[in-house]
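Please open the structure in your viewer and keep the selection panel at hand, as this tour moves from one selection to the next.

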Amino acid sequence: MKMDGVRVVRRLEELYLCGAHDGGAYSRLAFSEEDRKGRELFASYFRALGIDPLTDAAGNIIARLDGEEGEKGEKAGAPLPAILIGSHLDTVPGGGKYDGALGCVAGLEVVETLLSSGKRLRHPLDVVVFADEEGARFGSGMMGSGAFSGASLGDFSPTAEDSAGVKRADALAAFGVNWKEMGKAARERATVLCSLELHIEQGGSLFKSGTPIGVVTAIAGVKRREVTITGEMNHAGSTRMHDRKDALVAGARFISSAPEIVAAHGDAYSVATVGTIAVRPNAVNVIPGSCTFSLEIRDQELPVIERIDSELERRLRDVTEASGTTCNFRFISSTSPALMDDGVKNAIIKASEEAGYSCSLMPSGAFHDSLTLARSFPCGMIFIPSVNGVSHSPEEFSTEEDIQKGCDVLLRTVLTLDNTGLQSGA
Ligand code: GLV
Ligand code: MN
Ligand code: MN
């Protein structure tokens, strides 16, 4: 049985074109028209195989390949739990071709390869496209996988707005998703054997070391805030420097101190990022009256995230007090770090060895749907190299050879898990 890496790459290209915007940029922000096109194209690949995917209450697309001993299997008996392969199709603004889409298309490729070889799995196989993983539009990510895992939906406010003022609940409604009903997407734990996600590394370790496969051990947690500093709008020509309460100057002081706070209070994997900023009134001759920016902290340990968060808040209060401005340090979302399951990791290692590919155990600094899924289900992730470690960029690239290897390992992992279930022993 051979996975068709060329077909995977072709489909990634086709999906990328769904995100085309005027002016040559490519994005498929969650619940946008481009996302709709991508989701429809993806569902159409399954329909061509005779599988009609369903959409759950959170907008996740689920395509099922029945198992021999599954709920609808020929051999009637106790239904077996499903093996899940999932990732996301939404992207960050100006994102690349591989982040998320690779995991979805690889899941489709496993189904197509099994169907064309006539091999029946014992377990049902669910390929899942999780809705709004990136959180780039409304601020908090992993929404579909959160609902699927039965997590509290408190981080996904229906009134959160995107940059155009569209509310989350309205964007969801345009896709037939009722925010109040999203909890119904929660999947019973007993119906899932385990979840697998193939993803690009989004960092440079595999690429630098020439290792084709990464086996993820743990995924960093992430805490997001929205910070607003309020000063005084005034005339940029006639207000003397010592009379100003410039919100942006205070913001700049705070933001530029973040790296030293992370260095002093974090560890090797700690990161903090300000990725968006809005200045009001945003005019060339007006002293900024307020600035609002995102703040994101990540680490492999929750106490480290909390320590950096407190130190950043302390610095913010010092900076604003000294500049006569005020601040609001608003909580947006928090997801704790998660360990991947030993049984799934062992199956991935075995699959890599059988395929003759070297692999490295490694943590993930990027988050993934597997982070939130791991609260409820045994999860494992396979990484392949990102050329030059670039991701969340149009320059994101993984070679066809590495994609082929990742797909081979994914299929072999599915076959191993289908055969032996989860084997946690060393
Ligand atoms: C998702 O890709 C993230 O780590 O931001
Ligand atoms: Mn991403
Ligand atoms: Mn991703």
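What follows is a walk through a metal site and then a ligand site.

The model is predicted, so local features need pLDDT of at least 70 and side-chain atom pairs count only at pLDDT 80 or more, while totals for chains, interfaces and linings use all residues. Residues are numbered from 1 along each chain as its sequence is written, chains are lettered from A and ligands numbered from 1 in the order in which they are written, and side-chain values use heavy atoms, with hydrogens and water left out.

Select first the manganese ion (ligand 3), whose protein donors are His88 (NE2), Asp99 (OD) and His199 (NE2), at 2.0 to 2.2 Å from the ion. Donors here are N, O and S atoms within 2.8 Å of the metal (3.2 Å for Na, K and Ca), and since water is not among the atoms, sites may look incomplete. Along the chain, these donors follow the spacing H-x10-D-x99-H.

Now add the manganese ion (ligand 2), which lies 3.6 Å from the manganese ion (ligand 3), with Asp99 bridging the two. Asp99 and His199 are both buried, meaning under 20% relative accessible area, against over 50% for exposed and partly exposed in between (1.4 Å probe, protein chains only).

Next, select ligand 1, around which you will find Asp99, Glu133, Glu134, Arg298, Ala366, Phe367 and His392. Oxygen atoms of ligand 1 lie 3.1 Å from a polar side-chain atom of Glu134, 2.8 Å from a backbone N or O atom of Phe367, and 3.1 Å from a side-chain N or O atom of His392.

Notes: Near = heavy atom within 4 Å. Polar contact = N/O pair within 3.5 Å; in protein donor to acceptor, adjacent residues only side chain to side chain.
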